[in-house]
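Visitor: I would like a close look at one part of this model. Please take the first helix of the first chain, and then follow what surrounds it outward.

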Amino acid sequence: MKIGLNEALCSGCRVCQLVCSLGHFKENNPKKAALKITGQFPAPGRFQIAVCNQCGSCAEVCPVGAIEKSNGVYKIDSDKCIGCHACVEACPLGVMFVHKDEKAPIKCDLCGECIRYCPRGAIFDADQAKEQEVSRG
Amino acid sequence: MQYTLQIVGHLREIIPAADGDITVDRPAPETVRQILGAAGINPDLVMTVLVDGERRNKEYTPPDGATITCLSALAGG
Amino acid sequence: MNGYGGKILRIDLSVKKSATVPLPEDLAKDYLGARGVAARLLYDEIEPGIDPLGDKNKIIIASGPLSGVLVPASGKVTFASKSPATGGYGDSNMGGMVAAEMKYAGYDVIILEGTAAEPSLVIIDDDKIEFASAAKYWGKGAMIAEKMLKEDLGDDFQIVTIGPAGEKLVKFACVSHDFGRQAGRTGIGAVLGAKRVKAIAIRGSGSIPLADPDKVIAKGKEMYDACFTNPAAKEWQDYGTAGVTPWVNEIGSFPTKNFWTTYFEKHQALTGQVMRESIVVTDKACFGCPAPCGKYSHAQSDKYDVFVEGPEYETTALIGGNCEMPTIEDVAYGNYLCDELGLDTISGGGVVAFALECFEKGIIKKEEVDGRELKFGDIDSFKYLVEKIAAREGIGDLLAEGVRTAAARLGGGSERFAIHIKGLEWSGYEARYAPAMMLAYMTCDVGAHHNRAWAITHDVAVGREEIAGKAPKVIELQHIRPMFDMLGACRLLWVEIGFPLHHYPEILRVITGYDYSLEDLLKISEKVWNITRAFTIREYGRFDRKYDYPPARFYEEPIPTGPSKGHYIDMDGINALLDEYYELRGWDNNGIPTTAKLRELGLDFLIPDMEAARGK
C-alpha cells in the first residue's frame, strides 16, 4: 500500500482525521491525526493534504534510534522516544504532529484507514490505482 | 419491452415498491414519462432520471431491458 | 459527560470576563443540545420586551451531541437570540467546522452577554479566553476579516465573523464562517454587531468522550458506508441544492420578480449543470460530511472576478429568480457581494426585489436612489442596493430594516407585496399553488422560512388543490427536521438522499449512552417547537393568528404566468389551513398553546406566560 493523493477531490471534510485518531488512540480527536488538511481560501479555493510519504528523514535524525523502518513504514517506538522533536524539525513535509497530551510525535503508520474512508477518493492506494476518476458514491 | 424502475430516496415513501424496484412491461418503446405513467407514478414527483446510470430527461426513450433510476426532488435545503 | 464537550462558557462582553460551568446533565438529557438547549436557555434567560440590539439580549451558540464525532455530516452549530428582524425567537444553524471545534475546546454552549466597549475579538483557545481589539478588522468584509484572522492567529483557528452589514446593525445581517458558510437568517449578525463583536476565534485540542468507543467506531463507519453506496449520493454531490432549480420551475413554484410570478423564463441558465460547467472549482464539505453540497466557485465577467461558495438553491431563487438575474455568474457575484458584506442572501434577495418593485411602481423615486434607473435583471442595480443597505446610506437605511418596516414607512400599497411573515423575508418556494408549503411557511417558528418543513412534494403527491389534510405532514416534518438541529448534525443526508432516520438514535446511544428511540427524539422536538412558539408569543404580548398570515399578494393575486397560472389560496383557505393545524397542535384559535397541551408535553413552566397571553 502506498498513499496516493488527488487533492483536487479533497472536500475538507476531515473524515480521514477522525478515523485516524480513533484508529490509533481510540479517541475522537482530529488533532491527534497523522495527516493535516489545509484550505486555500478565498483563492484558489482548494484543499491540501499533508501526509507522510515514508521518506525516513525522521529516522535519520532521531538521537535515540526510536524510529525504525519495518515493511516500508517508519514507526516511532514511544517508549524509546525522549520527546526532543528533532524529527519534527527534520520532516520535510511537516507531518510529524505534536500534541500536548502525547510525548512522542504522531506519525502515519500506513494503516490505510484514511484510504478506506475518504468519501471523495482524494486519498487512495497508489499501488492499486493511478488516480480515481470519480468520487465515491 | 421490459424495464426495471428503481425508486430511490423519499420517493419510496410515496411509491410503495418491493425493495424499491418495479418491473414494467410495455407493448412498444415509450418515453420515460409514459413508462412512469404506466406504472402509476406521477412524473412531477420524479426530479432526476438515470437510464442505465446515465442522466436523461423524461422525454428519453430507454432501450428494452433498461434500468430506470428515479430520484425524487432534492429538497433544496 | 459522554458525547459532550462538558461545559457552558458564559462571556460578559461589558466587563471582558468569562466563566465556565459544567453542562447540566438534565439540560442535555431533556433537550439534547444545539437548538434544544439554546431554546430552553433563551426562554429562561431573556427578559421579555428587551431590545434585540440592546445590552440585555444574548446570543447562544450551541453544538450537539453528534457534532464533531465520527458521524456523517456532524458539523452543525446553532446560533440563537431574540431576533432583531421579527422581535421573536430567532435561530439559525450553520455548517463548517465550528460545531466540532468548540467541542474539542470543551464547550457545548457559548453564551455572549452584554456589550463590548469597543470593536472586539473573542479568542477561545481550549480553556484560555482572551478579549482583543478588533480595530484592525472592523469595517472589513466578512471573508477578508476571516482571512486576516487566520493569518494573524493561526490557520487552525476556526473563525466566525460579521461583515460591515452586521456592524451597521442591518436587520438581516448574517454570521459568517469558513469562507462561505453562514448562520443566515433572523439577523443574528446584527446582534453580534450591536455587541461590537467582529469575530470569535475558536481552537480546541481535546477529545470528545464516548460512552462506547468501539461501537461508535463501528456504527460511524457503517453510516459512512451506507452513504457511500447510496445511489442518490452522486447526483446530490454534483449539484448540491442547486439541483432542484429546474424542477421548482417546472412545477411553477419558483420565486420570480418579487414573488409576482412563479416561473422564471431564464431559469435554464441557472441550473446546477450550468453552474458545474461554468464556475464550480471545488466541492466543499462541512465537518464530517461524505456528500459535500458546497459548490465553491470562481465567477468572472468583464465587471468582476470573484470566488464564492455558491450559489446554492436559495440564493439562486432569491437573487436569480426573484431579482431576475440572467446568468449564473451574475447570481454568483450577487452571492459574493452579500457574503462579503455579511448579508443573508435570502432576505437580501427579497429586500432588493421589493425595492425594485417599489421603484417600478414609483413608490421609490429616482431622486432617492442617486438618480439611478434601477431594474430587475441588472447586477449593477443589485450591487448598488446591497452596498447602500450594508452602509445604511440613503434608501439603504430604510431597506436595512427589512421589507415589513420598509413597506410600513413607504406606503403606496407596498405592504401588499412586502413578502414576509413576522418580519422575516420569504425563502425560495412560492406557495400559492402548494397549500402544505404555505402552511409550513405560516407556522415556521422564526418567520417565513422553509427550514422546518419542506412540504412541497407532499402537495404534488396528494393534490395541490387540497387544503384539508395538509397539516399532519407539516407537523411531522416540523418534528423531524429540527431533530437534527438539536443533535448538531445536518439533516440534508436524510432530506436529499433518503439516509434512514433509524441511524440517528442508534449512534446517539453509543456516543452518549442515552437510550432514546426515534419517537422519543421526535417528542423532544415537539417540546422545543412549543418553547420557541411560546417565546415569540410572550414577546408579542397579545398574539393572534394574523401574525401567521402570508402577505396579501398570496391570498389576493392569482399567479399571473407559467405552469401554476391562475392559482392562489384565498383567505378562507388560509384560515382553514391554520384551523386544522392549530387543532392538531393543541393550540387555541389564535395559535397559542393550550394549558392542556403544555401539561401533556411536560412544559408546565410555559403555562403562566401562555395564559397571560391568552387573557390579553
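Guide: What follows starts at that helix and moves out through the chains in contact. The model is a predicted one.

Helix H1 of chain A spans residues 15-25. Of its 11 residues, 8 are buried, and the helix is mostly covered. The buried residues are A:Val15, A:Cys16, A:Gln17, A:Leu18, A:Val19, A:Cys20, A:Ser21 and A:Leu22. What lies over them? The cover includes strand S2 (35-40), helix H4 (113-117) and strand S6 (123-125) of chain A, together with helix H7 (213-228) of chain C. After H1(A) comes A:Lys26, with a positive phi near 55°.

Confidence in chain A can be given in two parts. Its mean pLDDT is 94, and 94% of its residues reach 70 or more. Residues 132-137 of chain A, on the other hand, have pLDDT under 50 throughout. For this stretch the model has 19 contacts beyond four places in sequence.

H7(C), part of the cover on H1(A), leads to the interface of the two chains. Here 26 residues of chain A meet 36 residues of chain C. On the chain C side, two or more residues come from each of H4, H7, helix H8 (233-239), strand S13 (280-284) and strand S14 (294-300) of chain C. H7(C) has the largest share of that side, with 6 residues. Sorted by class, the side of chain C that touches chain A holds 22 nonpolar, 8 polar and 6 charged residues.

Chain C itself has an assignment into domain 1 (7-203), domain 2 (232-422) and domain 3 (435-615). Between the C-alpha centres of domain 1 of chain C and domain 2 of chain C the distance is 26 Å. These two domains are in contact through 36 residues of domain 1 of chain C and 30 residues of domain 2 of chain C. Helix H3 (98-104), helix H4 (142-153) and helix H5 (164-167) of chain C each give at least two residues to the domain 1 side of this contact. That side consists of 18 nonpolar, 14 polar and 4 charged residues. H4(C) thus appears in two lists: it contributes to the side that touches chain A and to the side of domain 1 that touches domain 2.

Chain C also has an open sheet of 6 strands, in the order S2-S1-S6-S3-S4-S5, with mixed pairing. Strand S2 (17-22) and strand S5 (89-94) of chain C are at the edges with a single partner strand each, so one side of each has no neighbour in the sheet. From one strand to the next the twist averages 15°. For S2(C), the pairing with strand S1 (residues 7-12) of chain C is antiparallel and has 6 bridges. One of the bridge pairs is C:Asp12 with C:Lys17 in S2(C).

Chain C has a further contact, with chain B. It involves 18 residues of chain B and 20 residues of chain C. Helix H1 (11-14), strand S3 (46-51) and strand S5 (67-72) of chain B each provide at least two residues on the chain B side. S5(B) gives the most, 3 residues. By class, the chain B side has 8 nonpolar, 8 polar and 2 charged residues.

To return to the part you asked about, H1(A) has 8 of its 11 residues buried, under a cover that includes elements of chain A and H7 of chain C.

Notes:
Residues numbered from 1 in each chain as written. Chains lettered and ligands numbered in written order. Predicted model: local features only at pLDDT ≥ 70, side-chain atom pairs only at ≥ 80, totals over all residues. Contact = placed C-beta atoms within 7 Å. Helix = DSSP H or I, 4+ residues; strand = E, 2+ residues; numbered from the N terminus. Nonpolar A, V, L, I, M, F, W, Y, C, P; charged D, E, K, R; others polar. Domains from an automatic or database assignment. Buried ≥ 20, exposed ≤ 12 C-beta atoms within 10 Å, placed from the backbone. pLDDT = per-residue confidence, 0-100. Pairing = 2+ DSSP bridges. Axes fitted to C-alpha atoms, helices over the stretch in contact; angles between N-to-C directions.
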